[in-house]
Amino acid sequence: MKKRILTALLSLTLCLSLLPGALAAGRSATLEEKAQVLAALEIMAGDENGDLRLSEPVTRAQFTKMLVAASPYRDSVSATTRVSPYPDVPYTHWAAPYVETAVKGGYVNGFLDGTFHPEEKISLVMGVTMAVRLLGYSDSDFPAGVWGSGQLDLYHSQGLDEGITLTREDMMTRQDALLLFYNLLTAKTKQGAALLTTLGHSLTLSGEIDRVALVNSTLKGPILAAGDWQSLPGFDLTTATVYRGGQETSLAAIQEKDVLYWSVPLRTLWAYSSKVSGQIQALSPSATSPTAVTVAGKSYSIETADAAYTLSALGSYQVGDMVTLLLGRTGAVAAVLSPHEVSTSVCGVVTSLTDNTYSDVDGNRYTAKTLTLTATDGGSRSYPVESNANWKAGDLVRVTLSGNQIQVTRLPHAPVTGRVAADGSRVGDVPFSREAEILDVSGNNALRIYPARLAGVLLEEKDVSYARKNTAGEIDLLILKDLTGDMLSYGILTDSQEQELPSLTGFHSLMGTYTYDVKGISYTYVLRDSLFNQEEGPVSIAGSLLAPTHMRKLTAAKLTDLEPLAARAENGATLPVWEDVVVYERIRGEYLLTSLERVRAGYTLTGYYDATPERGGQLRIIVAIPKS
């Protein structure tokens, strides 16, 4: 079966990390992940199509090249040599520079007849004998006797055999070589250091290989997708794996002004399309040598020297100017454009309209009305607007920047209806785009969610404020009307005192005193002239926990089975479990905060949910009562 080197990207989690972190403690790396590490270190790579040919035998020449790539000589080996290290390895042989270097390093020897046999298949004992020399051992460090026995003992005791099932004289495949070299990286050298650290790389605190650091060390860029960008030195775009916005795609998906990074050994290209436009509000620590810029109320670190120069006192822009920032993989500024070069718009919900102080291009301070919104990407933006602007919190708007102009318009009501697919890929027959932005809005609060959160949910017209389709007919923006309930708080109403009070004027007034526990913290709130009309028990709480705007009773369901993401109800229904579910243990009428792990056995469980799964509801609270 063909094995390709795989690169892994973070599903969008409000950050633009390139790759997932080091392997979680206790989980073994997959074969693809191990291949990724060796590719990053240029120890083993596939052919021009990325095929690792793992089932094929490994030759002495191939193994020698891997040895050198895993050694301190890795950066000093020449591409060619004028020396023929062995009669059967003339200087014209592709492996001659590696054999020459490996001989000098003491990693390999020829045969008694003075030849090297570069095309000979390599046995386990032969490969291990060569490999342990990378750890600083020489043949004299092992007792005399059967050749290679001491080396094989070290191979087993150091864990270099993990995943390899060969016996002494079995021939190694390329997969066996991959596993051996991967295991060598964390093995201790004779001097006590991990081999990987001797190559200039670090391990995590738990002693594991940090794939993030390794892959990042191979990256080149950023550059903009503009002009002759497809001429990347040493990089073949025709065989590259391409990612855009965290999703694997094709080269044709790359768009003008995308920010690009690439890795030659991984044969992978990454493209990012995030932009932010607005007025430069600050440069820090100074305009002379800026390392960060504030635009639209948010500070962005500066990634490239070109961007820093452009924003500096020597460059094209200064505080008060309108710009468009092109953001790279970490959300830092990779390039700066004039707003005339690209028209951008941002959709979202207004959170406030306030008076803020700004500086103009001459450094003069002035006060202007400022509209702040939560955008569909979940970020906050602030823009100066006309003094007579009458926007209010909760309005859904589009802010368009073109040239030096900022225009704010109200979003039209444009719903989409249908059931979201079980895999979150589409609404009815309309697919989500790879980079779809979804915002759930409650009042002037908003939360970015992702298509998977809506899996199986039936979207009705009343649930959707705005839906936008791209040129491919895919939904790329979606604004919901408090559908998920994920912005509410959930807890136990432990005491409810609601009463009607007579007054001196003969009229009656209402007063409610409510005590409620949310995640182990108790609150008391007195509501006057109105009542929540709620009895004690699990509730949802809207608004501030110090001054709620309403409370609603949750629906109970006896649970027969409980997992981290789903629970089985007594009636056979499957209920999704909120990722922030609150778990209480009830003992003698008291509610004590606990955890899912603690109540898995020995308890009677009751779950409380806010709505049915098809309406976006989830189990928000679980109450556990010890079995007698």
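## A long-range salt bridge

Which side chain meets that of Glu435 in a salt bridge? In this predicted model, the partner is Arg244, and the N to O distance is 3.1 Å. The pair ties together distant parts of the chain: Glu435 belongs to strand E18 (residues 430-442) and Arg244 to strand E2 (residues 241-244), with their positions 191 residues apart. Their surroundings are worth a look too. Glu435 is partly exposed at 27% relative accessibility, whereas Arg244, at 10%, counts as buried.

## Other charged pairs

The count of salt bridges comes to 22. Side chains of opposite charge can pair when their charged atoms come close. One pair to look for sits in helix H3, where the side chains of Lys104 and Glu100 meet at 3.5 Å, N to O. These two residues are 4 apart in helix H3, which means that about one helical turn separates them. Lys104 is exposed, with 65% relative accessibility, while Glu100 is buried, with a relative accessible area of 16%.

Glu460 and Lys462 form another salt bridge, their closest N and O atoms lying 3.8 Å apart. Here Glu460 counts as partly exposed at 31% relative accessibility, and Lys462 counts as exposed at 52%. For something beyond a simple pair, turn to Arg453, Asp486, Asp610 and Arg620, which a network of salt bridges links.

## Two enclosed helices

Helix H6 (residues 174-186) has 11 of its 13 residues buried, so the rest of the structure largely encloses it. The buried residues include Arg174, Asp176 and Asn183, along with a run of others such as Leu178, Leu179, Leu180 and Phe181. Among the elements that cover them are helix H1 (31-40), helix H2 (60-69), helix H4 (124-131), helix H5 (149-157) and helix H7 (195-198).

Helix H4 is itself largely enclosed by the rest of the structure, because 8 of its 8 residues are buried. They are Leu124, Val125, Met126, Gly127, Val128, Thr129, Met130 and Ala131. The cover over these residues includes H2, H5 and H6.

## Nonpolar cores

In soluble globular proteins, nonpolar side chains tend to be buried together. The largest nonpolar core here has 62 residues, and within it Phe63 and Phe181 touch the most other members. H1, H2, helix H3 (96-105), H4, H5, H6 and H7 each contribute at least two residues to this core. The largest share, 8 residues, is supplied by H6.

What does Phe181 touch, once its neighbours within four places in sequence are left aside? Its contacts are Leu38, Ile43, Phe63, Met66, Leu67, Ala70 and Leu134. Apart from the largest core lies another one, of 31 residues, whose members include Leu311, Leu327, Trp391 and Val397.

## An open antiparallel sheet

Strands of a sheet pair through backbone hydrogen bonds, either parallel or antiparallel. In one open sheet of this model, 5 strands follow the order E8-E7-E6-E9-E10, with antiparallel pairing. Strand E8 (298-301) and strand E10 (333-337) are the edge strands, each pairing on one side only. From one strand to the next, the twist averages 50°.

To see one of these pairings up close, follow E6 and strand E9 (residues 322-327), which run antiparallel and are joined by 5 bridges. Lys275 stands opposite Leu326 in E9.

## Backbone details to check

Two cis peptide bonds deserve a stop. One joins Gly221 and Pro222, with omega about 10°, and Pro222 lies in strand E1 (residues 219-224). Another joins Ser284 and Pro285, with omega about 0°. Pro285 is found in the loop between strand E6 (275-284) and strand E7 (292-295).

Where do positive phi values turn up in residues that are not glycine? Asp482 has phi near 45° and lies in the loop between strand E22 (475-481) and strand E23 (489-502). Arg588 has phi of about 50° and lies in the loop between strand E30 (574-587) and strand E31 (590-594). Asp482 is partly exposed, with a relative accessible area of 32%, whereas Arg588 counts as exposed at 80% relative accessibility.

Definitions and conventions: Residues numbered from 1 in each chain as written. Predicted model: local features only at pLDDT ≥ 70, side-chain atom pairs only at ≥ 80, totals over all residues. Heavy atoms only, no water. Buried < 20%, exposed > 50% of the residue type's maximum accessible area, 1.4 Å probe, protein only. Contact = heavy atoms within 4.5 Å. Pairing = 2+ DSSP bridges. Axes fitted to C-alpha atoms, helices over the stretch in contact; angles between N-to-C directions. Core = buried A, V, L, I, M, F, W, Y, C linked by side-chain atoms within 4.5 Å. Salt bridge = Lys/Arg side-chain N within 4 Å of Asp/Glu carboxyl O.
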